[in-house]
Amino acid sequence: MSYEELENKIDQTFVAVRYNVEIEGPAIKPEEDPDVVNIIPTEEPYRAIALAVLYEDRDASLTNVKKALADGTSPLDIINKGLMKGIDAVSLLYTKGFYFLPDLMLAGDGMMEGVKECEKVLGHKSETKGTVVSFVAEGDPHDIGKNLVVMFLRASGYEAIDMGRDVPTVDVVKAVKEYNPIFVTGTALMTTTMTVFPKVVEALQKEGLEVPAIGCGGGAVRKDFIESFPMSVYGVEAYHAPKLADAILKDKKTWKDLRKEYADIVGEFVSEYS
Ligand code: B12
(Lines give C-alpha, C1' and ligand atoms only; values in the text may rest on other atoms or scores of the structure.)
Protein backbone atom coordinates (compact mmCIF):
# COMPACT_ATOMS: atom_id res chain seq x y z
CA MET A 1 0.00 0.00 0.00
CA SER A 2 1.36 3.44 -0.88
CA TYR A 3 1.89 6.13 1.73
CA GLU A 4 -1.07 8.18 0.33
CA GLU A 5 -3.41 5.15 0.33
CA LEU A 6 -2.48 4.39 3.94
CA GLU A 7 -2.95 8.02 4.98
CA ASN A 8 -6.42 8.15 3.37
CA LYS A 9 -7.48 4.83 4.84
CA ILE A 10 -7.08 5.74 8.50
CA ASP A 11 -8.78 8.18 10.82
CA GLN A 12 -6.09 10.81 11.35
CA THR A 13 -7.59 12.03 14.61
CA PHE A 14 -6.38 8.83 16.30
CA VAL A 15 -3.55 7.56 14.15
CA ALA A 16 -0.62 9.45 12.68
CA VAL A 17 1.54 7.97 9.94
CA ARG A 18 5.17 9.03 9.81
CA TYR A 19 7.68 7.35 7.50
CA ASN A 20 5.28 4.42 7.00
CA VAL A 21 5.05 3.78 10.75
CA GLU A 22 1.60 3.88 12.31
CA ILE A 23 1.52 5.65 15.64
CA GLU A 24 -1.76 4.92 17.35
CA GLY A 25 -3.18 7.35 19.89
CA PRO A 26 -3.70 8.31 22.57
CA ALA A 27 0.02 8.75 23.14
CA ILE A 28 1.45 6.87 26.14
CA LYS A 29 4.77 7.26 27.87
CA PRO A 30 7.33 4.45 27.38
CA GLU A 31 6.96 3.32 31.00
CA GLU A 32 3.18 3.00 30.50
CA ASP A 33 3.54 0.36 27.78
CA PRO A 34 1.69 -2.70 29.19
CA ASP A 35 4.80 -4.89 28.95
CA VAL A 36 7.21 -2.26 30.23
CA VAL A 37 5.03 -1.74 33.33
CA ASN A 38 6.03 -5.26 34.42
CA ILE A 39 9.75 -4.54 34.01
CA ILE A 40 10.34 -1.09 35.49
CA PRO A 41 10.56 -1.37 39.28
CA THR A 42 8.11 0.59 41.43
CA GLU A 43 10.58 0.94 44.30
CA GLU A 44 12.99 3.89 44.52
CA PRO A 45 15.83 4.57 43.85
CA TYR A 46 15.66 1.75 41.28
CA ARG A 47 12.70 3.24 39.41
CA ALA A 48 14.39 6.59 38.79
CA ILE A 49 17.56 4.82 37.66
CA ALA A 50 15.69 2.48 35.30
CA LEU A 51 13.68 5.40 33.88
CA ALA A 52 16.85 7.40 33.18
CA VAL A 53 18.07 4.51 31.00
CA LEU A 54 14.64 4.13 29.40
CA TYR A 55 14.64 7.85 28.55
CA GLU A 56 18.24 7.55 27.23
CA ASP A 57 19.26 10.28 29.66
CA ARG A 58 22.95 9.89 30.46
CA ASP A 59 23.06 12.83 32.86
CA ALA A 60 20.03 11.63 34.82
CA SER A 61 21.48 8.12 34.96
CA LEU A 62 24.72 9.45 36.43
CA THR A 63 22.96 11.79 38.88
CA ASN A 64 20.52 9.13 40.10
CA VAL A 65 23.22 6.48 40.50
CA LYS A 66 25.50 8.90 42.37
CA LYS A 67 22.63 9.83 44.68
CA ALA A 68 21.68 6.20 45.33
CA LEU A 69 25.31 5.31 46.12
CA ALA A 70 25.60 8.29 48.45
CA ASP A 71 22.43 7.05 50.24
CA GLY A 72 24.12 3.69 50.79
CA THR A 73 22.38 1.57 48.13
CA SER A 74 24.51 -1.39 47.10
CA PRO A 75 26.18 -0.99 43.68
CA LEU A 76 25.16 -4.55 42.82
CA ASP A 77 21.48 -3.73 43.47
CA ILE A 78 21.78 -0.51 41.47
CA ILE A 79 23.04 -2.51 38.49
CA ASN A 80 20.68 -5.47 38.76
CA LYS A 81 17.48 -3.81 40.01
CA GLY A 82 17.86 -0.43 38.28
CA LEU A 83 20.18 -0.12 35.27
CA MET A 84 19.51 -3.64 33.94
CA LYS A 85 15.74 -3.18 34.21
CA GLY A 86 16.04 0.02 32.18
CA ILE A 87 17.95 -1.73 29.38
CA ASP A 88 15.51 -4.69 29.50
CA ALA A 89 12.63 -2.26 28.90
CA VAL A 90 14.55 -0.59 26.07
CA SER A 91 15.14 -3.97 24.38
CA LEU A 92 11.47 -4.78 24.69
CA LEU A 93 10.42 -1.51 23.04
CA TYR A 94 13.04 -2.12 20.33
CA THR A 95 11.62 -5.59 19.71
CA LYS A 96 8.11 -4.11 19.50
CA GLY A 97 9.31 -1.57 16.93
CA PHE A 98 8.79 1.52 19.11
CA TYR A 99 12.48 2.18 19.75
CA PHE A 100 15.19 2.21 17.09
CA LEU A 101 18.93 1.61 16.87
CA PRO A 102 19.95 5.12 18.04
CA ASP A 103 17.72 4.57 21.10
CA LEU A 104 19.66 1.39 21.90
CA MET A 105 22.97 3.21 21.59
CA LEU A 106 21.94 6.14 23.77
CA ALA A 107 20.31 3.91 26.38
CA GLY A 108 23.42 1.69 26.39
CA ASP A 109 25.58 4.78 27.01
CA GLY A 110 23.27 5.85 29.84
CA MET A 111 23.55 2.44 31.42
CA MET A 112 27.36 2.33 31.17
CA GLU A 113 27.60 5.80 32.70
CA GLY A 114 25.87 4.40 35.79
CA VAL A 115 27.89 1.17 35.74
CA LYS A 116 31.18 3.17 35.73
CA GLU A 117 30.04 5.00 38.84
CA CYS A 118 29.23 1.69 40.58
CA GLU A 119 32.63 0.36 39.52
CA LYS A 120 34.32 3.19 41.42
CA VAL A 121 32.65 1.98 44.61
CA LEU A 122 33.24 -1.72 43.94
CA GLY A 123 36.84 -0.79 43.10
CA HIS A 124 39.79 -2.99 42.24
CA LYS A 125 41.20 -5.21 44.97
CA SER A 126 44.93 -4.59 45.37
CA GLU A 127 46.01 -8.24 45.56
CA THR A 128 45.53 -10.37 42.45
CA LYS A 129 43.97 -13.81 42.81
CA GLY A 130 44.65 -14.88 39.23
CA THR A 131 44.29 -13.87 35.59
CA VAL A 132 41.08 -14.11 33.57
CA VAL A 133 40.77 -13.27 29.85
CA SER A 134 37.46 -11.67 28.79
CA PHE A 135 36.29 -11.12 25.22
CA VAL A 136 33.23 -10.41 23.09
CA ALA A 137 32.86 -12.87 20.21
CA GLU A 138 34.22 -11.99 16.78
CA GLY A 139 31.66 -9.99 14.78
CA ASP A 140 29.73 -8.86 17.84
CA PRO A 141 29.67 -5.22 18.96
CA HIS A 142 27.61 -5.76 22.15
CA ASP A 143 29.94 -5.20 25.09
CA ILE A 144 27.78 -4.14 28.03
CA GLY A 145 27.56 -7.65 29.52
CA LYS A 146 31.31 -8.22 29.05
CA ASN A 147 32.02 -4.88 30.74
CA LEU A 148 29.96 -6.04 33.72
CA VAL A 149 31.80 -9.37 33.84
CA VAL A 150 35.17 -7.55 33.83
CA MET A 151 34.00 -5.13 36.50
CA PHE A 152 32.82 -7.92 38.85
CA LEU A 153 36.01 -9.94 38.30
CA ARG A 154 38.23 -6.94 39.07
CA ALA A 155 36.16 -5.99 42.11
CA SER A 156 36.68 -9.52 43.40
CA GLY A 157 40.48 -9.36 42.98
CA TYR A 158 41.07 -10.96 39.58
CA GLU A 159 43.28 -9.46 36.94
CA ALA A 160 40.79 -9.34 34.08
CA ILE A 161 42.40 -8.89 30.67
CA ASP A 162 39.69 -6.97 28.81
CA MET A 163 40.12 -7.79 25.12
CA GLY A 164 37.16 -5.63 24.08
CA ARG A 165 34.46 -6.42 21.55
CA ASP A 166 34.53 -8.12 18.12
CA VAL A 167 37.69 -10.00 19.10
CA PRO A 168 39.16 -12.25 16.38
CA THR A 169 39.31 -15.87 17.54
CA VAL A 170 43.06 -15.98 16.76
CA ASP A 171 43.58 -13.15 19.28
CA VAL A 172 41.74 -15.09 21.99
CA VAL A 173 44.11 -18.02 21.35
CA LYS A 174 47.13 -15.65 21.51
CA ALA A 175 45.89 -14.22 24.82
CA VAL A 176 45.47 -17.71 26.32
CA LYS A 177 49.05 -18.51 25.29
CA GLU A 178 50.37 -15.25 26.69
CA TYR A 179 48.47 -15.05 29.99
CA ASN A 180 47.77 -18.70 30.83
CA PRO A 181 44.46 -17.65 32.48
CA ILE A 182 42.65 -19.70 35.10
CA PHE A 183 39.33 -18.81 33.41
CA VAL A 184 38.19 -17.29 30.12
CA THR A 185 34.90 -15.45 29.68
CA GLY A 186 33.19 -14.91 26.35
CA THR A 187 30.08 -12.92 25.53
CA ALA A 188 27.88 -13.06 22.41
CA LEU A 189 24.49 -11.44 21.91
CA MET A 190 23.64 -12.51 18.40
CA THR A 191 22.62 -15.88 17.02
CA THR A 192 25.20 -15.24 14.28
CA THR A 193 28.08 -14.74 16.74
CA MET A 194 27.39 -17.34 19.45
CA THR A 195 28.73 -19.95 17.01
CA VAL A 196 32.18 -18.40 17.63
CA PHE A 197 32.43 -20.19 21.00
CA PRO A 198 32.92 -23.74 19.65
CA LYS A 199 35.39 -22.26 17.14
CA VAL A 200 37.42 -20.78 20.02
CA VAL A 201 37.49 -24.18 21.73
CA GLU A 202 38.51 -25.88 18.48
CA ALA A 203 41.27 -23.31 17.86
CA LEU A 204 42.62 -23.80 21.40
CA GLN A 205 42.58 -27.58 21.03
CA LYS A 206 44.42 -27.31 17.68
CA GLU A 207 47.22 -25.47 19.48
CA GLY A 208 47.21 -28.05 22.28
CA LEU A 209 45.94 -25.43 24.75
CA GLU A 210 43.49 -26.06 27.53
CA VAL A 211 41.90 -23.80 30.19
CA PRO A 212 39.91 -25.04 33.20
CA ALA A 213 36.77 -23.45 31.71
CA ILE A 214 35.43 -20.90 29.24
CA GLY A 215 32.36 -19.15 30.65
CA CYS A 216 30.10 -18.34 27.72
CA GLY A 217 27.25 -15.86 28.20
CA GLY A 218 25.22 -13.20 26.42
CA GLY A 219 21.63 -12.63 25.36
CA ALA A 220 21.49 -15.06 22.42
CA VAL A 221 23.30 -17.88 24.17
CA ARG A 222 21.54 -20.93 25.59
CA LYS A 223 22.83 -23.54 28.02
CA ASP A 224 22.12 -26.55 25.77
CA PHE A 225 24.10 -24.98 22.93
CA ILE A 226 27.08 -24.22 25.17
CA GLU A 227 27.00 -27.75 26.57
CA SER A 228 27.14 -29.25 23.07
CA PHE A 229 30.94 -28.73 22.95
CA PRO A 230 33.72 -29.21 25.52
CA MET A 231 35.69 -26.83 27.81
CA SER A 232 32.70 -24.49 28.22
CA VAL A 233 30.12 -23.57 30.83
CA TYR A 234 27.03 -21.42 30.31
CA GLY A 235 27.28 -18.17 32.29
CA VAL A 236 23.96 -16.72 33.46
CA GLU A 237 24.67 -13.48 35.35
CA ALA A 238 27.79 -11.31 35.11
CA TYR A 239 28.24 -11.35 38.89
CA HIS A 240 28.52 -15.17 38.75
CA ALA A 241 31.87 -14.85 36.91
CA PRO A 242 34.07 -14.31 40.02
CA LYS A 243 32.24 -17.12 41.85
CA LEU A 244 33.02 -19.51 38.99
CA ALA A 245 36.64 -18.29 38.98
CA ASP A 246 36.86 -18.82 42.77
CA ALA A 247 35.60 -22.39 42.38
CA ILE A 248 38.29 -23.07 39.77
CA LEU A 249 41.01 -21.46 41.86
CA LYS A 250 40.16 -22.72 45.35
CA ASP A 251 38.44 -26.04 44.66
CA LYS A 252 40.17 -26.97 41.39
CA LYS A 253 36.81 -27.30 39.66
CA THR A 254 36.83 -28.11 35.94
CA TRP A 255 34.31 -27.13 33.26
CA LYS A 256 32.55 -30.45 33.87
CA ASP A 257 32.17 -29.68 37.61
CA LEU A 258 30.98 -26.13 36.92
CA ARG A 259 28.20 -27.45 34.68
CA LYS A 260 27.06 -29.94 37.33
CA GLU A 261 27.40 -27.69 40.38
CA TYR A 262 26.59 -24.27 38.92
CA ALA A 263 23.69 -23.38 41.25
CA ASP A 264 25.64 -24.46 44.35
CA ILE A 265 28.74 -22.56 43.27
CA VAL A 266 26.90 -19.28 42.63
CA GLY A 267 24.82 -19.87 45.75
CA GLU A 268 21.38 -19.19 44.31
CA PHE A 269 18.54 -20.79 42.40
CA VAL A 270 19.29 -20.58 38.67
CA SER A 271 16.46 -21.95 36.56
CA GLU A 272 18.80 -23.00 33.72
CA TYR A 273 20.68 -25.19 36.18
CA SER A 274 17.85 -26.51 38.35
C1 B12 B 1 22.21 -2.31 23.56
C2 B12 B 1 22.02 -3.12 22.29
C3 B12 B 1 22.75 -2.73 21.15
C4 B12 B 1 23.80 -1.62 21.20
C5 B12 B 1 25.08 -2.22 21.83
C6 B12 B 1 25.84 -1.20 22.66
C7 B12 B 1 26.97 -1.86 23.40
N8 B12 B 1 28.00 -1.09 23.62
O9 B12 B 1 26.93 -3.02 23.78
C10 B12 B 1 23.98 -1.29 19.67
C11 B12 B 1 23.08 -0.15 19.29
C12 B12 B 1 25.40 -0.97 19.20
C13 B12 B 1 23.41 -2.55 19.02
C14 B12 B 1 23.63 -2.85 17.70
C15 B12 B 1 23.06 -3.94 17.05
N16 B12 B 1 22.21 -4.85 17.59
CO17 B12 B 1 21.74 -4.88 19.38
N18 B12 B 1 20.91 -4.92 21.14
C19 B12 B 1 21.10 -4.22 22.22
C20 B12 B 1 20.12 -4.71 23.33
C21 B12 B 1 18.95 -3.74 23.39
C22 B12 B 1 20.66 -4.85 24.72
C23 B12 B 1 21.90 -5.70 24.84
C24 B12 B 1 22.49 -5.52 26.22
O25 B12 B 1 23.45 -4.78 26.39
N26 B12 B 1 21.88 -6.17 27.22
C27 B12 B 1 22.31 -6.02 28.63
C28 B12 B 1 23.57 -6.87 28.88
C29 B12 B 1 24.02 -6.67 30.35
O30 B12 B 1 23.21 -8.23 28.70
P31 B12 B 1 24.24 -9.38 28.25
O32 B12 B 1 25.37 -8.84 27.46
O33 B12 B 1 23.45 -10.50 27.68
O34 B12 B 1 24.91 -9.85 29.64
C35 B12 B 1 24.13 -10.47 30.65
C36 B12 B 1 24.23 -12.00 30.66
O37 B12 B 1 24.16 -12.56 29.39
C38 B12 B 1 25.50 -12.26 31.44
N39 B12 B 1 26.74 -12.55 30.71
C40 B12 B 1 27.22 -12.09 29.56
N41 B12 B 1 28.41 -12.62 29.29
C42 B12 B 1 28.74 -13.43 30.31
C43 B12 B 1 29.87 -14.23 30.55
C44 B12 B 1 29.93 -14.96 31.74
C45 B12 B 1 31.13 -15.78 32.01
C46 B12 B 1 28.87 -14.91 32.68
C47 B12 B 1 28.96 -15.68 33.94
C48 B12 B 1 27.74 -14.12 32.43
C49 B12 B 1 27.68 -13.40 31.24
O50 B12 B 1 25.72 -11.10 32.24
C51 B12 B 1 24.75 -10.10 31.98
C52 B12 B 1 23.70 -10.12 33.09
O53 B12 B 1 24.27 -9.99 34.35
C54 B12 B 1 19.70 -6.12 22.77
C55 B12 B 1 18.32 -6.63 23.17
C56 B12 B 1 18.37 -7.78 24.15
N57 B12 B 1 17.20 -8.27 24.45
O58 B12 B 1 19.39 -8.24 24.60
C59 B12 B 1 19.85 -5.91 21.26
C60 B12 B 1 20.19 -7.13 20.40
C61 B12 B 1 21.25 -7.98 21.06
N62 B12 B 1 20.74 -6.50 19.19
C63 B12 B 1 20.42 -7.11 18.10
C64 B12 B 1 20.83 -6.73 16.80
C65 B12 B 1 20.25 -7.53 15.64
C66 B12 B 1 21.72 -5.67 16.60
C67 B12 B 1 22.22 -5.17 15.23
C68 B12 B 1 22.71 -6.27 14.28
C69 B12 B 1 21.05 -4.36 14.63
C70 B12 B 1 21.17 -3.88 13.21
N71 B12 B 1 20.15 -4.23 12.47
O72 B12 B 1 22.12 -3.25 12.82
C73 B12 B 1 23.36 -4.20 15.62
C74 B12 B 1 24.76 -4.80 15.51
C75 B12 B 1 25.45 -4.27 14.28
C76 B12 B 1 26.81 -4.92 14.10
N77 B12 B 1 27.84 -4.12 14.15
O78 B12 B 1 26.90 -6.10 13.93
C79 B12 B 1 19.53 -8.31 18.38
C80 B12 B 1 20.23 -9.67 18.24
C81 B12 B 1 19.27 -10.68 17.62
C82 B12 B 1 19.87 -12.03 17.50
N83 B12 B 1 19.24 -12.97 18.17
O84 B12 B 1 20.84 -12.27 16.85
C85 B12 B 1 18.99 -7.99 19.82
C86 B12 B 1 18.65 -9.23 20.66
C87 B12 B 1 17.74 -7.10 19.64
C88 B12 B 1 16.58 -7.83 18.96
N89 B12 B 1 15.61 -8.29 19.71
O90 B12 B 1 16.53 -7.94 17.77
N91 B12 B 1 22.65 -3.27 19.91
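This passage describes the overall make-up of a predicted model, the surroundings of its ligand, its aromatic pairs and some individual residues.

The predicted model comprises a protein of 274 residues, of which 46% are buried. Its secondary structure consists of 11 helices and seven strands, and the C-alpha atoms fill a box of roughly 65 × 50 × 35 Å when the box is taken along the principal axes.

The ligand contains a cobalt atom, for which His142 is the only protein donor, its NE2 atom lying at 2.2 Å from the metal. Histidine 142 is placed in the loop that runs between strand 3 (131-136) and helix 6 (144-155). A polar side-chain atom of histidine 142 is also found 2.8 Å from a nitrogen atom of the ligand. Two further contacts involve oxygen atoms of the ligand: glutamate 237 places a polar side-chain atom 2.8 Å from an oxygen atom, whereas in glycine 145 it is a backbone N or O atom that lies 3.4 Å from an oxygen atom.

Around the ligand there are 30 residues, and those that come nearest are His142, Asp143, Thr187, Gly219 and Glu237. Sorted by class, the shell is made up of 14 nonpolar residues, 13 polar residues and three charged residues. Several elements of secondary structure supply at least two residues each to this shell, namely helix 4 (75-95), helix 5 (101-122), helix 6, strand 5 (183-187) and strand 6 (214-217). Among the contributors, helix 4 gives the most, with five residues. At the level of domains, the shell receives residues both from domain 1 (33-122) and from domain 2 (131-273), and the ligand therefore lies between the two.

Apart from the ligand site, the structure holds three aromatic pairs, two of which are described here. A pair of aromatic rings is described by the distance of the centres and the angle of the planes. For phenylalanine 135 and phenylalanine 197, the ring centres are 6.3 Å apart and the planes stand at 65 degrees, so that the pair is classed as edge-to-face, the angle being over 60 degrees. This pair joins distant parts of the chain, since phenylalanine 135 belongs to strand 3 and phenylalanine 197 to helix 8 (residues 196-206), with their positions 62 residues apart in the chain. Both phenylalanine 135 and phenylalanine 197 are buried.

Phenylalanine 152 and tyrosine 239 likewise form an edge-to-face pair, with 6.3 Å from centre to centre and 80 degrees between the planes. Here too, distant parts of the chain are linked: phenylalanine 152 is in helix 6, while tyrosine 239 is in the loop between strand 7 (232-234) and helix 10 (241-251), and the two are 87 residues apart. Phenylalanine 152 has a relative accessible area of 7% and is therefore buried, the limit being under 20%. Tyrosine 239, at 18% relative accessibility, also counts as buried because its value falls under 20%.

Some features of the backbone concern single residues in loops. The peptide bond that leads from glutamate 44 to proline 45 is cis, with omega near 5 degrees, and proline 45 lies in the loop between strand 2 (21-24) and helix 2 (46-54). Glutamate 56, which is placed in the loop between helix 2 and helix 3 (58-70), has phi near 55 degrees, a positive value in a residue other than glycine. A positive phi is also found for aspartate 166, where the value is near 50 degrees. Aspartate 166 is situated in the loop between strand 4 (159-162) and helix 7 (169-179), and with a relative accessible area of 42% this residue is partly exposed.

Two residues in helices complete the description. Lysine 250, in helix 10, counts as exposed, because its relative accessibility of 60% is over 50%. The C-alpha atom of lysine 250 is separated by 25 Å from that of glycine 208, which is 42 residues away along the chain. Aspartate 103, in helix 5, counts instead as buried at 17% relative accessibility. From C-alpha to C-alpha, aspartate 103 and phenylalanine 197 are 29 Å apart in space, and in sequence they are 94 residues apart.

Key. Residues numbered from 1 in each chain as written. Predicted model: local features only at pLDDT ≥ 70, side-chain atom pairs only at ≥ 80, totals over all residues. Heavy atoms only, no water. Donors = N, O, S within 2.8 Å, 3.2 Å for Na, K, Ca; no water. Helix = DSSP H or I, 4+ residues; strand = E, 2+ residues; numbered from the N terminus. Phe/Tyr/Trp six-rings, centres within 6.5 Å; stacked < 30°, edge-to-face > 60°. Buried < 20%, exposed > 50% of the residue type's maximum accessible area, 1.4 Å probe, protein only. Near = heavy atom within 4 Å. Polar contact = N/O pair within 3.5 Å; in protein donor to acceptor, adjacent residues only side chain to side chain. Nonpolar A, V, L, I, M, F, W, Y, C, P; charged D, E, K, R; others polar. Domains from an automatic or database assignment.
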